[in-house]
Amino acid sequence: MEETIARRVGRWLGIGLYVAVGFFYLASGLVVPVVPWLIILNIVWVVGLVVAWRASAERWWIALVSGPIAWVFWTLYVTVGENLLGWTA
């Protein structure tokens, strides 16, 4: 399948959005005080980046939805941690 300019731009835009959301994953040490939970969160982000990159080679739209999915996962992860484990900023 030929990669058009729109597909290429969509793929790179999606990966850029995913990396931008990664800032919140890296800054989560301010909210997630326990090291094992922080390591798990960052491993999930790295695995998601690899999956988004590899999957977007065939289906470029996967890269576009990976950023919002990562944002929703981070929000749920931190919210559940606050409610169940008492994490505070």
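In the predicted model, Tyr 25 is in contact with Leu 38, Leu 41, Asn 42, Trp 45, Ala 70, Phe 73 and Trp 74, when neighbours within four places in sequence are left aside. Tyr 25 also belongs to the largest nonpolar core, which comprises 13 residues. Within this core, the members that touch the most other members are Tyr 25, Leu 41, Ala 70 and Trp 74. Three of these names thus recur in the environment of Tyr 25, whose contacts include Leu 41, Ala 70 and Trp 74. Two or more residues of the core are contributed by each of helix 1 (5–26), helix 2 (35–56) and helix 3 (61–85). Helix 3 provides the largest share, with four residues.

The overall architecture is helical: three helices and zero strands make up the secondary structure of the chain, in the order α-α-α from the N terminus. The C-alpha trace spans about 50 × 15 × 15 Å along its principal axes. Of the 89 residues, 28% count as buried. Among contacts between residues at least 6 apart in sequence, 77% join residues at least 24 apart. The chain exposes about 5900 Å², of which 75% is supplied by carbon and sulfur atoms.

Nonpolar residues also appear at the surface. A patch with about 690 Å² of accessible area is formed together by Val 34, Trp 37, Ile 40, Val 44, Phe 73, Val 80, Leu 84 and Leu 85. At least two residues of this patch come from each of helix 2 and helix 3, and helix 3 gives the most, with four residues. Phe 73, a member of the patch, is also one of the residues in contact with Tyr 25. Another member, Val 44, is located in helix 2. Val 44 counts as partly exposed because its relative accessibility is 33%, between the limits of 20% for buried and 50% for exposed residues.

Two serine residues illustrate buried polar side chains. Ser 66, in helix 3, has a relative accessible area of 8% and is therefore classed as buried. Its side chain reaches the backbone oxygen of Ala 63 at 2.8 Å. Beyond residues up to four places away in sequence, Ser 66 touches Gly 14, Tyr 18 and Ala 52. Ser 56 lies in helix 2 and, at 2% relative accessibility, is likewise buried. The side chain of Ser 56 reaches the backbone oxygen of Ala 52 at 2.9 Å. Outside the four nearest places in sequence, Ser 56 is in contact with Arg 11 and Ala 63. Ala 52 and Ala 63 therefore appear around both serines: Ala 63 supplies the backbone oxygen reached by Ser 66 and is in contact with Ser 56, whereas Ala 52 supplies the oxygen reached by Ser 56 and is touched by Ser 66, both serines being buried under the 20% limit.

Further residues of helix 3 are directed towards other parts of the chain through their contacts. Leu 64, located in helix 3, is partly exposed, with 30% relative accessibility. When neighbours within four places are left aside, Leu 64 is in contact with Gly 10, Leu 13, Gly 14 and Leu 17. Gly 14 is also touched by Ser 66. The C-alpha atoms of Leu 64 and Val 78 are 23 Å apart, for a sequence separation of 14 residues. Trp 71, also placed in helix 3, is partly exposed at a relative accessible area of 37%. Its contacts, apart from neighbours within four places in sequence, are with Val 21 and Phe 24. From C-alpha to C-alpha, Trp 71 is 26 Å from Ile 5, at a separation of 66 residues in sequence. Between Trp 71 and Ser 56 the corresponding values are 18 Å and 15 residues.

The segment after helix 3 contains Thr 88. With a relative accessible area of 59%, Thr 88 is exposed. Thr 88 is nevertheless in contact with Leu 30 and Val 31, leaving aside neighbours within four places in sequence. Thr 88 and Trp 60 are 28 residues apart in sequence, and their C-alpha atoms are 37 Å apart in space.

Notes
Residues numbered from 1 in each chain as written. Predicted model: local features only at pLDDT ≥ 70, side-chain atom pairs only at ≥ 80, totals over all residues. Heavy atoms only, no water. Core = buried A, V, L, I, M, F, W, Y, C linked by side-chain atoms within 4.5 Å. Buried < 20%, exposed > 50% of the residue type's maximum accessible area, 1.4 Å probe, protein only. Contact = heavy atoms within 4.5 Å. Patch = residues over 30% accessible without salt bridge, like charges linked within 9 Å, V, L, I, M, F, W, Y side chains within 5 Å. Areas by Shrake-Rupley, 256 points an atom, 1.4 Å probe, with all protein chains shown as cover. Salt bridge = Lys/Arg side-chain N within 4 Å of Asp/Glu carboxyl O. Polar contact = N/O pair within 3.5 Å; in protein donor to acceptor, adjacent residues only side chain to side chain.
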